[in-house]
Amino acid sequence: MRLTFLGTGTSQGVPTIGCRCEVCRSNDPRDNRLRTSAMVEIGDVRLIIDAGPDFRYQMLRTGVRRIDAILLTHEHKDHTGGIDDVRAFNFVDFPTIHRVDIYATDKTAACVRKDFDYAFAEDKYRGVPEIELHTIERNTPFKVKGIEIVPIHGQHSDRFEVTGYRIGKLAYLTDFKHIEESQIAKLRGVELLVVNALRWRDHMSHFTVEEAMALIARVAPQRAFLTHMSHDIGLHAATSDRLPKGVELAYDTLSIEINE
Ligand SMILES: [Zn+2]
Ligand SMILES: [Zn+2]
Ligand SMILES: [Zn+2]
């Protein structure tokens, strides 16, 4: 199994428009963060977690020609804004049309239907995205092409829920602020854990570095990566030095093999 980080930035991305801070002006490519997304490849099955506004460029940069499914974590635009661009995958073998399977909880699926209503209309116009939307249950594992996926339920804020995913020894959580014991139990035995960490200072709807580290300590994976970072987290190189062994900052295009 292979995990590739397609984007590791918070909702505004890094650099942030108009910002002149040292992170936004950095020449280190690891300080350039597209909106958070990841690709998981298991054999020849390719899953994409989230499709934000940078989805098109992320697919081009990775050279991907075919995907098996998109798993959505929640309905925020930095995770769903690029869904229209699945059209490219629909028509890649034209005249054969490949529908793209998208998996999400009922609430997130409802937002996708609303935001991309033209793709779900009775009388569609030509060239709209061809999407097969699958509703998943918060506590029920499901399968995509024979691969078992375990949803990890969390709270993003008082208003928003979020879903992380466990696939074998990998677990990927983004945009979490609270996670219950019953869900932490689902992470037992995970060897590679990805957790969101916005910055060092507190935030109402995202884990800080310390909160992410507390969860990592509980799960005790072999390796952990932080993602969904803002420019406030500091320069990649300097911030990496502050992290304990086994915890690393993810960066865009980083790709890791996970032994099964
Ligand atoms: Zn986000
Ligand atoms: Zn900045
Ligand atoms: Zn969010």
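Along the chain, the donors of the zinc ion (ligand 1) follow the spacing D-H-x95-D-x52-H. Asp78 lies in helix 2 and His228 in the loop between strand 12 (223-227) and helix 7 (236-241), so this pair ties together parts that are 150 residues apart in sequence. The model is a predicted one, and the values below are computed from it.

The protein donors of the zinc ion (ligand 1) are the OD atom of Asp78, NE2 of His79, OD of Asp175 and NE2 of His228, and they lie 2.1 to 2.3 Å from the metal. The angles among these four donor atoms run from 92 to 163°, and the site is irregular. For a tetrahedral assignment all angles would have to lie between 85 and 135 degrees. Ideal angles at a metal are 109.5 degrees for four tetrahedral donors. Both Asp78 and His228 are buried.

A second metal shares a ligand with this one. The zinc ion (ligand 1) and the zinc ion (ligand 3) are 3.4 Å apart, and Asp175 coordinates both. The zinc ion (ligand 3) is coordinated by His74 through NE2, His76 through ND1, His156 through NE2 and Asp175 through OD, at 2.1 to 2.4 Å. Its site is also irregular, with angles of 88 to 174° among the four donor atoms. In sequence, the donors of the zinc ion (ligand 3) are spaced H-x1-H-x79-H-x18-D. His76 sits in the loop between strand 4 (69-71) and helix 2 (77-80), and His156 in the loop between strand 8 (147-155) and strand 9 (161-167), so this pair ties together parts that are 80 residues apart in sequence.

The two histidines of that pair can be described by their accessibility. His76 has a relative accessible area of 21% and is partly exposed. His156, at 1% relative accessibility, counts as buried. The cut-off for buried is under 20%.

Helix 2 also contains Thr80. At 2% relative accessibility, Thr80 counts as buried. Leaving aside neighbours within four places in sequence, Thr80 is in contact with Ala51, Gly52, Leu72, His74, Glu75 and Phe116. One of these contacts, His74, is a donor to the zinc ion (ligand 3).

Helix 7, which follows the loop holding His228, includes Ala237. Ala237 counts as partly exposed, at 39% relative accessibility. Ala237 and Arg30 are 207 residues apart along the chain, and their C-alpha atoms are separated by 8.5 Å.

Next come the strands. Seven of them form an open sheet in the order 6-5-4-3-2-1-14, with mixed pairing. Strand 6 (131-136) and strand 14 (255-257) are the edge strands, each pairing on one side only. On average, neighbouring strands of this sheet are turned by 20° against each other, direction ignored. Strands of a sheet pair through backbone hydrogen bonds, either parallel or antiparallel.

At the strand 6 edge, strand 5 (residues 100-105) and strand 6 run parallel and are joined by six bridges. One bridge partner within strand 6 is Ile136, which is matched with Thr105. Helix 1 (residues 55-62) packs on the sheet, where it touches strand 1 (2-7), strand 2 (37-42), strand 3 (45-49) and strand 4, and its direction makes about 135° with that of strand 1. Helix 4 (residues 106-115) lies across strand 5 and strand 6, running at about 130° to strand 5.

Strand 8, which precedes the loop of His156, is mostly covered, with seven of its nine residues buried. Strand 7 (residues 142-144) and strand 8 run antiparallel and are joined by three bridges. Lys143 has Glu148 as its bridge partner in strand 8. The two strands form a hairpin with two residues between them, and Lys145 in the turn has a positive phi of about 50°.

Strand 8 also runs antiparallel to strand 9, with six bridges joining them. Ile152 is paired there with Gly164, its bridge partner in strand 9. Strand 8 and strand 9 form a hairpin with five residues between them. His156 is in the loop between these two strands, and through its NE2 atom it coordinates the zinc ion (ligand 3).

Conventions
Residues are numbered from 1 along each chain as its sequence is written. Chains are lettered from A and ligands numbered from 1 in the order in which they are written. This is a predicted model: local features need pLDDT of at least 70, side-chain atom pairs count only at pLDDT 80 or more; totals for chains, interfaces and linings use all residues. Side-chain values use heavy atoms; hydrogens and water are left out. Donors are N, O and S atoms within 2.8 Å of the metal (3.2 Å for Na, K and Ca); water is not among the atoms, so sites may look incomplete. Four donors count as tetrahedral if all angles lie between 85 and 135 degrees; four count as square planar and six as octahedral if opposite donors are over 155 degrees apart and all others between 65 and 115; anything else is irregular. Helices (H or I, at least four residues) and strands (E, at least two) are DSSP runs, numbered from the N terminus. Buried means under 20% relative accessible area, exposed over 50%, partly exposed in between (1.4 Å probe, protein chains only). Two strands pair if DSSP finds at least two bridges between them. Axes are lines fitted to C-alpha atoms, for helices over the stretch in contact, and angles run from 0 to 180 degrees between N-to-C directions. Contact means heavy atoms within 4.5 Å.
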